[in-house]
Amino acid sequence: MTLCKCEHYPAPLLLRRAITQRIRQTRTIRPTLTVLSSQADELLTLLQCPACASFWQESLAWSWGGKRYVYRVPPISEEEWLVEPYVQPHELLVYGASMANYLEMNEFVESSRQCRFEQCHDNAIDGLVLCLHHHLASLRKLGLLPQLPVGRPFAPYQWEPSPEPGENR
Ligand SMILES: [Zn+2]
Ligand SMILES: [Zn+2]
């Protein structure tokens with residue numbers, strides 16, 4: 001039996017209030033953890049619970065007043081983590097919300113023509129030369145849509161890491 005409470009803190013749901021709640025809980029959790037490594041800009045920290053050896057990552061949640069919050073992540077070596085830290089739940093939340101908003105405001109209908117993107121077999125959107133996937137990727141490249149969250153995926157979080165134009169699917 002461990003003395004820590006890591007098990008009591010599941011991955012935050014991708015809801016504003018879940019992140020807010022975790023920011024509050026972080027005041028209790030954070031002092032029980034040991035820092036393993038920090039990214040050079042110190043925006044991300046890798047931590048570990050000395051009691052149960054769980055790994056945690058700490059982020060700054062920008063749209064929450066830049067407050068820090070921690071969440072459990074799968075075990076990882078410091079070297080690997082420094083190369084690519086885990087994706088940040090608040091970024092997934094902000095990205096998902098803005099994309100949902102965009103897709104709701106725009107109606108996309110498939111045409112019978114094939115997407116002009118090389119090796120893509122999907123149908124282009126009516127009035128455009130690209131399929132929805134490649135259309136969104138090109139808007140993202142132009143900075144007209146929010147950038148995909150960066151970072152190493154981990155359960156239970158999922159998002160569609162669509163490749164940018166120029167990459168294969
Ligand atoms: Zn623990
Ligand atoms: Zn396509």
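**Exercise 1. What covers the buried residues of helix H3?**

Solution. The cover includes helix H1 and strands E3 and E4. This is a predicted model. Now name the residues underneath. In H3, Pro89, His90, Glu91 and Leu93 are buried.

**Exercise 2. Work out how far the 17 residues of H3 should span, and compare this with the model.**

Solution. Start with the element: H3 covers residues 89-105. Take 1.5 Å times one less than the number of residues. The expected span is 24 Å. Next, look at the ends of the helix. The end C-alpha atoms of H3 are 24 Å apart, so the model agrees with the expected span.

**Exercise 3. List the elements of the protein chain in order from the N terminus.**

Solution. First count them: there are four helices and six strands. Then read along the chain. The order is α-β-β-β-β-α-α-β-β-α.

**Exercise 4. Describe the open sheet, and find the strands at its edges.**

Solution. Step one: the order. Four strands line up as E1-E2-E3-E4, with antiparallel pairing. Step two: the edges. E1 (34-38) and E4 (67-73) each have a single partner strand, so one side of each has no neighbour in the sheet. Step three: the twist. From one strand to the next, it averages 30 degrees. Step four: one pair in detail. E1 and E2 (residues 45-48) run antiparallel and are joined by four bridges. One of the residues to look for is Thr34, whose bridge partner in E2 is Gln48. Keep the general rule in mind: strands of a sheet pair through backbone hydrogen bonds.

**Exercise 5. Which strands does helix H1 lie across?**

Solution. Find H1 at residues 16-29. H1 lies across E3 (55-61) and E4. Now take the angle: H1 runs at about 85 degrees to E4.

**Exercise 6. Is Ala124 buried or exposed?**

Solution. Locate the residue first: Ala124 is in strand E6, residues 123-125. Count its C-beta neighbours inside 10 Å: there are 21. The cut-off for a buried residue is 20 or more. Ala124 therefore counts as buried. Next, set aside neighbours within four places in sequence. The contacts of Ala124 then include Ser111, Arg113, Cys115, Val129 and Cys131. Finally, try a distance. Gly143 is 19 residues from Ala124 in sequence, and their C-alpha atoms are 21 Å apart.

**Exercise 7. What share of the protein chain is buried?**

Solution. The chain has 169 residues, and 22% of them are buried. Add the outline: the C-alpha atoms fill a box of roughly 60 × 30 × 30 Å along the principal axes.

Conventions. Residues are numbered from 1 along each chain as its sequence is written. Chains are lettered from A and ligands numbered from 1 in the order in which they are written. This is a predicted model: local features need pLDDT of at least 70, side-chain atom pairs count only at pLDDT 80 or more; totals for chains, interfaces and linings use all residues. Helices (H or I, at least four residues) and strands (E, at least two) are DSSP runs, numbered from the N terminus. A residue is buried if 20 or more other C-beta atoms lie within 10 Å of its own, exposed if 12 or fewer, and partly exposed in between; C-beta atoms are placed from the backbone. Two residues are in contact if their C-beta atoms, placed from the backbone, lie within 7 Å. Two strands pair if DSSP finds at least two bridges between them. Axes are lines fitted to C-alpha atoms, for helices over the stretch in contact, and angles run from 0 to 180 degrees between N-to-C directions.
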